[in-house]
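Here are some notes for a colleague who is opening this structure for the first time. Please read them with the sequence and the model side by side.

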Amino acid sequence: MRPPSIQLTSVADAFNEHGWQHEIIEGQEVITTAFEAHHTRVQLFAQVFTQLNSLTVVGETAMPIDELRQPLLLELLHRANKMMNLGGLEYDLDRQRVVFRITNIFEREKFDKDIVSTMVHCSIAEVDRIIPFCSIIQQTAEDLLDDLNIERLLLRQDLLPPVPGDEEMDI
């Protein structure tokens, strides 16, 4: 068995620096872990592509949805993607999971720890941010689905998780 690449080792170093428990999948250039976010548990995978000198970080969580609500969920993810600058949301129809994927191509074989940790934080935050909206679609009564406006739903600020460091200080 080959030892992990310089790229994967640098990703593991970034995880270690933050104290994130993780596991390297034997025989693959993949690290896996899970995080408890504000709204959901996010399963996370970081995969290195050594020939491209790139890293893809994938965060995902279960979101079972019936066929009736599926088009609304897909519209939600599409509209959310239109507002993003980095990465993208997907729905894995086969496994019924909401997925966020972000990729970066690095200049050097040893990946920048700040970029790696930003990719991880972004993946967790985007999955956690979208889940309450998905849950509304999942829980909306069948006779009210026609009244559900996805564009307006995405404007709701009360469903967003708190942003770390944005807590108002009591004076």
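The numbered points below go through the sheet, the helices, the aromatic rings, the cysteines and one loop residue.

1. Please keep in mind throughout that this is a predicted model. The places and distances given here are therefore values computed from a prediction.

2. A good place to begin is the sheet, which is open, has 6 strands in the order E1-E2-E3-E4-E6-E5, and is paired in the antiparallel sense. The edges are taken by E1 and by strand E5 (88-92), each of which has a single partner strand, so that one side of each is left without a neighbour in the sheet. As general background, the strands of a sheet pair through backbone hydrogen bonds, either parallel or antiparallel.

3. At one edge, E1 is paired with E2 in the antiparallel sense over 2 bridges, and Ile24 has Ile31 in E2 as its bridge partner. The two strands, E1 and E2, make a hairpin with 5 residues between them, and in the turn Gly27 has a positive phi of about 80°.

4. On its way into the sheet, E2 is also joined to E3 by 7 bridges, the two strands running antiparallel, and Val30 stands opposite Gln47 in E3. The connection from E2 to E3 is a hairpin through 4 residues. How much of E2 is buried? Of its 7 residues 5 are buried, so E2 is largely enclosed by the rest of the structure.

5. At the other edge, E5 pairs with strand E6 (residues 97-105) over 5 bridges, again in the antiparallel sense. Two of the facing positions can be located in the model: Gly88 stands opposite Arg101 in E6, while Asp92 has Arg97 in E6 as its bridge partner. The hairpin of E5 and E6 has 4 residues between the strands, and there Gln96 takes a positive phi near 50°. Across E5 and E6 lies helix H2 (residues 70-82), which runs at about 165° to E5.

6. Turning to H1, the 13 residues of this helix should span 18 Å at 1.5 Å a residue, and the C-alpha atoms at its ends are 19 Å apart, which agrees. Its buried residues are Gln7, Leu8, Ser10, Val11, Ala12, Ala14 and Phe15. What covers these buried residues includes E1, E2, strand E3 (41-49), strand E4 (54-62) and H3. Just after H1, Gly19 takes a positive phi of about 75°.

7. The aromatic residues deserve a separate look, since a pair of rings is described by the distance of the centres and the angle of the planes. The structure holds 3 aromatic pairs. One of them is formed by Phe15 and Trp20, an edge-to-face pair with 5.2 Å from centre to centre and 85° between the planes. Both Phe15 and Trp20 are buried. In another, the rings of Trp20 and Phe35 have centres 5.5 Å apart and planes at 90°, so this pair is edge-to-face. The latter pair links distant parts of the chain, with Trp20 in the loop between helix H1 (6-18) and strand E1 (23-24) and Phe35 in strand E2 (residues 30-36), 15 residues apart.

8. Is Trp20 buried or exposed? Its relative accessibility is 12%, and Trp20 therefore counts as buried. Phe35 is buried as well, with a relative accessible area of 14%. Taken together, Phe15, Trp20 and Phe35 are linked into a cluster by ring pairs.

9. For the cysteines, the number of disulfides in the structure is 0. Why is there no bond between Cys122 and Cys134? The cysteine sulfur closest to that of Cys122 is the one in Cys134, and at 16 Å it is too far for a bond. Cys134 is itself buried, with a relative accessible area of 0%.

10. A last point concerns Leu148, which is found in the loop between helix H3 (113-139) and helix H4 (150-153). Leaving aside residues up to four places away in sequence, Leu148 touches Leu72, Ile136, Ile137 and Thr140. From Tyr91, Leu148 is 57 residues away in sequence and 19 Å away in space, C-alpha to C-alpha.

Note on methods
Residues are numbered from 1 along each chain as its sequence is written. This is a predicted model: local features need pLDDT of at least 70, side-chain atom pairs count only at pLDDT 80 or more; totals for chains, interfaces and linings use all residues. Side-chain values use heavy atoms; hydrogens and water are left out. Contact means heavy atoms within 4.5 Å. Rings of Phe, Tyr and Trp (its six-membered ring) pair if their centres lie within 6.5 Å; planes under 30 degrees apart count as stacked, over 60 as edge-to-face and the rest as tilted. Buried means under 20% relative accessible area, exposed over 50%, partly exposed in between (1.4 Å probe, protein chains only). The expected span of a helix is 1.5 Å times one less than its number of residues. Two strands pair if DSSP finds at least two bridges between them. Axes are lines fitted to C-alpha atoms, for helices over the stretch in contact, and angles run from 0 to 180 degrees between N-to-C directions. A disulfide is a pair of cysteine sulfur atoms within 2.5 Å.
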